[in-house]
There are 2 protein chains.
Amino acid sequence: MNKFIRIDMTTLQASVGDVPEKYAGLGGRALTSNFVNDEVKPTCHPLGKNNKLIFAPGLLSGTTAPNSGRISVGGKSPLTGGIKECNSGGTMSQIVARMGIKAFVIEGMPAEDKFYIIKIDMEGVTIEEAPEEILGGCGNYKAIEILSEKYGKKVAIAIAGPAGEYRLPSANISLKDPEGNIRSAGRGGLGAVLGSKKVKAVVIDGTGAGKIEVADPEKFREASKVFAKALLDHPVAGQGLAAYGTDVLVNILNEAGGLPARNFTKGRIDYNDNISGETLNATITERGGEGKVSHGCHPGCVIRCSQWYADKSGKYVTSGFEYETIWGLGADAGIEDLDAIAYIDRAMDDIGVDSIETAVAVATAMEGGLIPWGDGKAVLEIVKDMAKPTPLARIIGSGAAVVGKTCGLFRVPVVKNQAIPAYDPRSVKGIGLTYATTPMGADHTAGYCISGNILKVGADIDPLKKDGQIEYARAMQIGTAAIDSTGMCLFVYFGIADNPAGFQALIDMINAQYGLALTADDVNKLGESVLKVELDFNKRAGFTREDDRLPEFMEYEPLSPHNVVWDFTPEEIDQVMNFDSEGESEELRIS
Amino acid sequence: MNKFIRIDMTTLQASVGDVPEKYAGLGGRALTSNFVNDEVKPTCHPLGKNNKLIFAPGLLSGTTAPNSGRISVGGKSPLTGGIKECNSGGTMSQIVARMGIKAFVIEGMPAEDKFYIIKIDMEGVTIEEAPEEILGGCGNYKAIEILSEKYGKKVAIAIAGPAGEYRLPSANISLKDPEGNIRSAGRGGLGAVLGSKKVKAVVIDGTGAGKIEVADPEKFREASKVFAKALLDHPVAGQGLAAYGTDVLVNILNEAGGLPARNFTKGRIDYNDNISGETLNATITERGGEGKVSHGCHPGCVIRCSQWYADKSGKYVTSGFEYETIWGLGADAGIEDLDAIAYIDRAMDDIGVDSIETAVAVATAMEGGLIPWGDGKAVLEIVKDMAKPTPLARIIGSGAAVVGKTCGLFRVPVVKNQAIPAYDPRSVKGIGLTYATTPMGADHTAGYCISGNILKVGADIDPLKKDGQIEYARAMQIGTAAIDSTGMCLFVYFGIADNPAGFQALIDMINAQYGLALTADDVNKLGESVLKVELDFNKRAGFTREDDRLPEFMEYEPLSPHNVVWDFTPEEIDQVMNFDSEGESEELRIS
């Protein structure tokens, strides 16, 4: 991997060069965040010509390492105004890596008001006008089909859905998965950045790509085997996720009193059976669905958590049907029916909006009186309306913070303008620290403290108490930043958290591929350096510690059933990103 | 003036106490900003229970000093998230001051979802439920009539219109003027704060109030006479404003190439005659209008700039029909007809939304394709729809920044989320520095550099050049903060800028009233101290110097006809609020 591609949408020219020396050892989030911090003016308008969008496979992407097929996308977020990395499955990461491409960057903005397709193959880059039929409201499912028809079934595709074309702040970047369905680089509105650059889609044709060069193939093979075993041996990664998907968490969080319901007014629901992973599993098993139950979001996945949800007649509705989406629509917005939620999930993928931001925006709008509580039909119509957005569809598509403004609410569950996902910080305090302090805006994947707080994987920390949470949230964010740089799916954490052999195997794979001799400490240092770069960008963009705060209402509205409030002081919160004090937390590091 | 009233909407109790010692020498903006900085948690949600709203007449309000009837309202702004002071004419300031009330504060938030009227008279405070008929969409004109009927024709009224009830971020606080019409504490959404506290209106009955005690009545009378003469002798304050209103500026700014048109894409229009002050004057003169032409917005005004605009049959349509409103709808949104603009102005007053924020939001929405360019009928309907807000009405009522989000625009003319008014900073560079650096968000009244840049009053600085602008913008903001603390209308600047006797008379009045011996230097120190307090609040709320920036597009989109961009560097902008360097600008101070 040594090609570094720049596509200038102002001149409609591209250049393929060698990767700059300083980025040679980086991949995934480490690469995107360093690049954004180096080249994007922190105070630029995210939708203006000075923002840049970078796509980078991880350090292990393209290899035979299990679960290494995530692609990172970076830029300045139109939702938060800060730096953003979001990563996704799909087929792109592996193909791009095998083509020897370290990263491709989209910059500038065309003068003319038309949309383009960027096509990258082994010959180079071509920029052509997008076909009319996939513009102006065409859903992602159909557009991906048309592009696959035109460019070949095996091409990888990243596309801006209608939401991205209209530059709605919740627009995601949708990626074609192995079945031709949709995965999402979901959070923070990078689809709007793609749309602002008038790029409808990036099509990658890997025909002629070779294999990734591996410095020590034997060592790599061996480590890879150990790593796969570590994943499959773990009860969650090896069995639970495949059977129930991430939706297994509905009952777990409900039991823990940490399932935010009715716009974060309570932490438990009584209709959890309607939307639980167990019910999801039973429904899928009963309905069949083209012979599929679970599947992987990218080639090489051994966990296969993605659920394949069909309607009563067995016809595919949606996949990648995640807990956070089901929580948002089911518990937070009170839509008590899994089928209704599935159709909305499909519509969100089709339009290209982040399903967490949109679900929380919907629940906030319900509190604001714009939509009746629990009305799945109304929500489905609003999401579909984003194809040619009505004013209401624009409000919802702009995210929960904008909904809060238009409805004059103070109960708005966002941090840095990004919606708080499926775990209430009052009753799962560790994740609250991640929401508050990650440079990404509220994001559970930035430091998944649910692990040690609720699942008791990697740590065992009382979710209702403050003890140990600061060091834990710091360590989890550091570890996550490192994992996000490898191209690995975050769920590999289950294979390394309590399994020293699994963790060593991950490091061995990197060492074997690059001919290095990294230690666990180096991996942590990498994670820490990524966070520092991201914090530097945000600081220069005007963020301060005052942005590292949860919504004020959580400080004085107790959450049932535990009747707890968010009680970390500002000074305590600020310790999370105080890396100088990390010495204390040695034992909590992912090593 | 020694009463300090606190109204707690949580308990529905009020207390009348003595003014705290530290506020005794303060009035108007100096008092509201110090209070907000002392008592409002800077990171609180502006619409939550921890925000507070304070009303304070100025140091000279209630006296016979000409033009001293402005009332300051302070709080944390739902629009900017920073400190806010906005002041307004109307009858409230003089009455409150004569009742001996230094300030009244509204805090807390009731548990029940119903609206209240706060009534203050010489006996104290009563809190009663608001009559149903003025709620849920009733316009301000009718509501003021009903309240005047109920509480007496002479009561002063501050009211949250429908926009305030719905807590839209552009909601203003409307004040009854001497004719029973409407003036506005317009900018920054303080009407939404009033609405969040479930206060529909504050009614002040001054029956039984005495006169203001004056330490040296003879000196006061003398100074007051000199001051009135200084105002009336100035061609602008004495004649221009009464004849043409502030709308006299349309032709002046158009000529200067500083009249932002079509969402700030150009600096000059060719239909200026349709909307100019000259045309306004001719129309008013021709139509009559209940015998009125110009009038004062508060008792004691000698300038009488407020225009009384009638329809073709001579029936009153609107008053306080200002240049900034006419510019926003006429030039920025391209509505080329003065009658159409007048009806929209009336509707904005009736709904209770800031006419600058709303007009700019409209123009931004036109760029975003939500409203056809120049369509006055559509705009009138949208504003009227705010009475029971449709989604589109909510978007517009949330201000230009939210419009920009929902439309995915990067050309959004706001600073600190507040809309930039009627003077393009690229071709009138001094005012650009005020927009960028005032703690209020873009606000021409915070340091009206149009004066020395365009009108050549008080200074003569080339508007197209950077020379001298930094010191000038600093001095104007300091002077303005002082004037805003006196209860004086900002137009008194015309009587003091180039007239040492006028300026001395203003100081003499304050000294005569309070038995003090202030000098010009003390007045400047007061202004500086007010700004410092405001900057302190904003800093603690999380603002940084990066918030002191104009929209990025102005840095690279040249404005016709002069083809100039905004070219102050961040370092230069940051000098404006660097008070340590003020020694250089001695000659530019308002003294």
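Copies are superposed by least squares on the C-alpha atoms of residues with pLDDT of at least 70 in both. With that in mind, welcome to this predicted model.

**Stop 1: the axis.** Color chain A and chain B separately. A turn of 180 degrees with a shift of 0.0 Å along the axis lays chain A on chain B, at an RMSD of 0.0 Å. The two copies are thus related as by a two-fold rotation axis. Now select A:Pro391: among the residues of chain A, its C-alpha comes closest to that axis, at 2.8 Å.

**Stop 2: the interface.** Next, show the residues where the chains touch: 37 of chain A are in contact with 37 of chain B. Every interface residue of chain A (100%) is also an interface residue in chain B, so the copies meet through the same surface. Between them, the chains bury about 3,000 Å², with 55% of it on carbon and sulfur atoms. Pick out A:Lys405, A:Phe410 and A:Glu552 in chain A; these lose the most area to chain B, together 20% of what that side buries.

**Stop 3: bridges and polar pairs.** Zoom in on A:Lys41 and B:Glu552, whose side chains form a salt bridge at 3.3 Å, N to O. The count of salt bridges between chain A and chain B is four. You can also look for polar contacts, which link 18 residue pairs across the two chains, both residues at pLDDT 80 or more.

**Stop 4: the helices at the contact.** Select α15 (391-397), α16 (400-407) and α23 (553-556) of chain A: each supplies at least two residues of the side that touches chain B. Finally, color that side by residue type, and you will find 18 nonpolar, ten polar and nine charged residues.

Definitions and conventions
Residues numbered from 1 in each chain as written. Chains lettered and ligands numbered in written order. Heavy atoms only, no water. Contact = heavy atoms within 4.5 Å. Buried area = accessible area lost by both parts, 1.4 Å probe. Polar contact = N/O pair within 3.5 Å; in protein donor to acceptor, adjacent residues only side chain to side chain. Helix = DSSP H or I, 4+ residues; strand = E, 2+ residues; numbered from the N terminus. Nonpolar A, V, L, I, M, F, W, Y, C, P; charged D, E, K, R; others polar.
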